[in-house]
Each structure stands twice: as C-alpha cells, then as structure tokens.
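Student: Could you take me through one part of this model up close, namely a helix and whatever it packs against? I'd like one connected account rather than a list.

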Amino acid sequence: MSKYYNPKRQRNLYDPNSEELFRLSRSKIEFFLNCPRCFYFDRKLGVGQPPGYPFSLNSAVDKLLKKEFDIHRAKGTAHPLMKQYGIDAVPFSHEKIDEWRDTLRRGITYHHGKTNLLITGGVDDVWVNPKGELMIVDYKATSKEDEVSLDADWQIGYKRQMEIYQWLFRKNGFKVSNTGYFVYCNGDTDKEAFDGKLEFDIKIIPYEGDDSWIEKTLDEIYKCLRVDSPPQSGKDCDYCRYRVAVKDLGFE
C-alpha cells in the first residue's frame, strides 16, 4: 500500500454547517465534471480515488520553461517562440507571479460568495499584450509521432482548465483576453541515438476560451455537497465501473 494514500481522510471535508470557506481547486472542479459520485466520496466523505504516479518528466519541462520565460519577464522582452508565432505580447511581470504559479499551496484564488467556496488554480504562465489584456498560458509535454493538437475528446479537460484560469483572473479584477495559449512540447524520438538528452519540438497552440459554464457548475457542486447521499456516477468513470463489477461478483 502506498504510504501517501489515505483511503479514509479526516481533513478537508465539506461540512454544510460550517461557515468557513471551503477550498476547491481547479482539478477538483474537473473531478466533479468527470464523476459527481467520486467527487462526493472524496470531498464530502473523505474517500478519494487512489492517486496516480507523478509525471516527473513533465514537471521538469514545466520548470525549465518557466525559467526560460522568466528571463524575458525580467527584461520585458518577448520570447523567440512568441515572435515565431506572431504573438504580440511579453511575459507578464507581477509581484504575485510566483504565488499564482504555486499550485499546491497558493495559486490564484477567488471567494465565490454565493456558495462560500474558495476557488483556486495554479497557472503555468501569464502573458500580456499591448492592450493590457492578460493571456493565460499552459505548458504541456508529451511524446507522440503525430502533430500535437487540441482535437482529442479527452482534451476537453485542458480547455476547461484554461477557462477556469481565465475566469479566476477576471474575478481578481484583471482584463483577460479570450485567447489563451498552450505551449506544447513534443519529445522527438526520431533521433539516431539518445546520447543522454531528449529534444523537443515546441508548438504554441492558441485557444479561444469561454468561461460561461463555470457559474452553473459551481452551483451544481454546491448542491452536490449539501445532499445526504451520493449522486449518480459519471457515464465514463472507470472507478465506478470497477466498484460495480466487483459488487456484481458478490463482493463488497
């Protein structure tokens, strides 16, 4: 058993009688959209899904990209990739940039008064155009033979991620462009030898966000957390399918 997994968590549980803010991350909103039942078990009852393994290579790419863009942030200059793709912007310099990028402990937050939820999210980067509009940027790393894109059905999660970040910055009083960018790094496996290094093809993909779904979703999350029994499963939830399959065999 993993020493990091606690199947009966006692902390960070939603209490409908509490007046304290309940912290809800961007990833937990996506969790709810994928399966309200698993979300309820996790946030209300303290039984979360077993964790996946960390993608250390992805984290390394994120860290190096941040260092690279920070050089231009300090100088107030555009990164060569931004020039290559004709993006009229520079990395946004702000005293809270490191706070916004701290996914685990801080991030950018907004108190949603209607539900008393504290919505949080940790961005990878923020750029700003000459109009003073912020452009939300997300880094992605993969290794595939095909050209990277945002066309796969499962990448709806990437798009919603971008839209939540755009919404959070708007709620914090910033002027935010509907256009965000994915800096997509694709590991090149066509080299003749490894030679101790992995090279990436980097592509910037623009995305036009629409955050109109978020308020409705927060209302649904609030209602979900305040009922006494778990809701129905998400239609594509493998965890729920597994539990049903085991129960059908006569085991709990």
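Tutor: Here is a walk through helix 1 and its surroundings, starting with the overall setting. Keep in mind that this is a predicted model. The protein has eight helices and eight strands, and its C-alpha trace spans about 60 × 50 × 30 Å along the principal axes. Of the 252 residues, 42% are buried. If you take the contacts between residues at least 6 apart in sequence, 69% of them join residues at least 24 apart.

Now to helix 1, which runs over residues 26-34. Its buried residues are R26, I29, E30, F31 and F32, so a charged pair of names sits in that list alongside the others. Those buried residues pack against strand 1 (22-25), helix 2, strand 4 (117-121), helix 6 and helix 7.

Take helix 6 among those partners, covering residues 156-171. The axes of helix 1 and helix 6 come within 10 Å and cross at roughly 135 degrees, which makes helix 1 oblique to helix 6. The crossing is right-handed. At the residue level, R26, I29, E30, L33 and N34 on the helix 1 side meet G157, R160, Q161, I164 and Y165 on the helix 6 side. For the spacing in lists like these, it helps to recall that an α-helix has 3.6 residues a turn, so residues three or four places apart point the same way.

Helix 6 has another helical partner in helix 7 (residues 214-226), with axes that come within 11 Å and cross at roughly 95 degrees. That puts helix 6 roughly perpendicular to helix 7. Here E163, I164, W167 and K171 from helix 6 meet I214, E215 and L218 from helix 7. I164 appears in this set, and I164 is also among the helix 6 residues that meet helix 1.

Helix 6 matters for the nonpolar packing too, in a simple counting sense: it gives the largest share, six residues, of the largest nonpolar core. That core has 43 residues, and F169 and I221 have the most contacts inside it. Beyond its neighbours up to four places away in sequence, F169 touches W100, I108, V123, V126, L134, I136, F174 and V176. There is also a second, separate core of 17 residues, with L81, A89, V137 and I204 among them.

Back on the other side of helix 1, look at helix 2 (residues 36-43), where D42 is found. D42 is buried, with a relative accessible area of 3%. Leaving aside neighbours within four places in sequence, D42 is in contact with R9, L13, K28, F31, V47 and G48. F31 is one of the buried residues of helix 1.

Last, the cysteines. Which cysteine sulfur is closest to that of C35? It belongs to C240, 3.6 Å away, and that is too far for a bond because a disulfide needs the sulfurs within 2.5 Å. C35 itself counts as buried, at 2% relative accessibility. C237 is in no disulfide either, as its nearest cysteine sulfur, that of C35, is 3.6 Å away. C237 is buried as well, with 7% relative accessibility. The disulfide count for the model comes to zero.

Note on methods:
Residues numbered from 1 in each chain as written. Predicted model: local features only at pLDDT ≥ 70, side-chain atom pairs only at ≥ 80, totals over all residues. Heavy atoms only, no water. Buried < 20%, exposed > 50% of the residue type's maximum accessible area, 1.4 Å probe, protein only. Core = buried A, V, L, I, M, F, W, Y, C linked by side-chain atoms within 4.5 Å. Helix = DSSP H or I, 4+ residues; strand = E, 2+ residues; numbered from the N terminus. Contact = heavy atoms within 4.5 Å. Axes fitted to C-alpha atoms, helices over the stretch in contact; angles between N-to-C directions. Parallel < 35°, antiparallel > 145°, perpendicular 65-115°, else oblique. Left-handed = near helix turned anticlockwise from the far one by under 90°.
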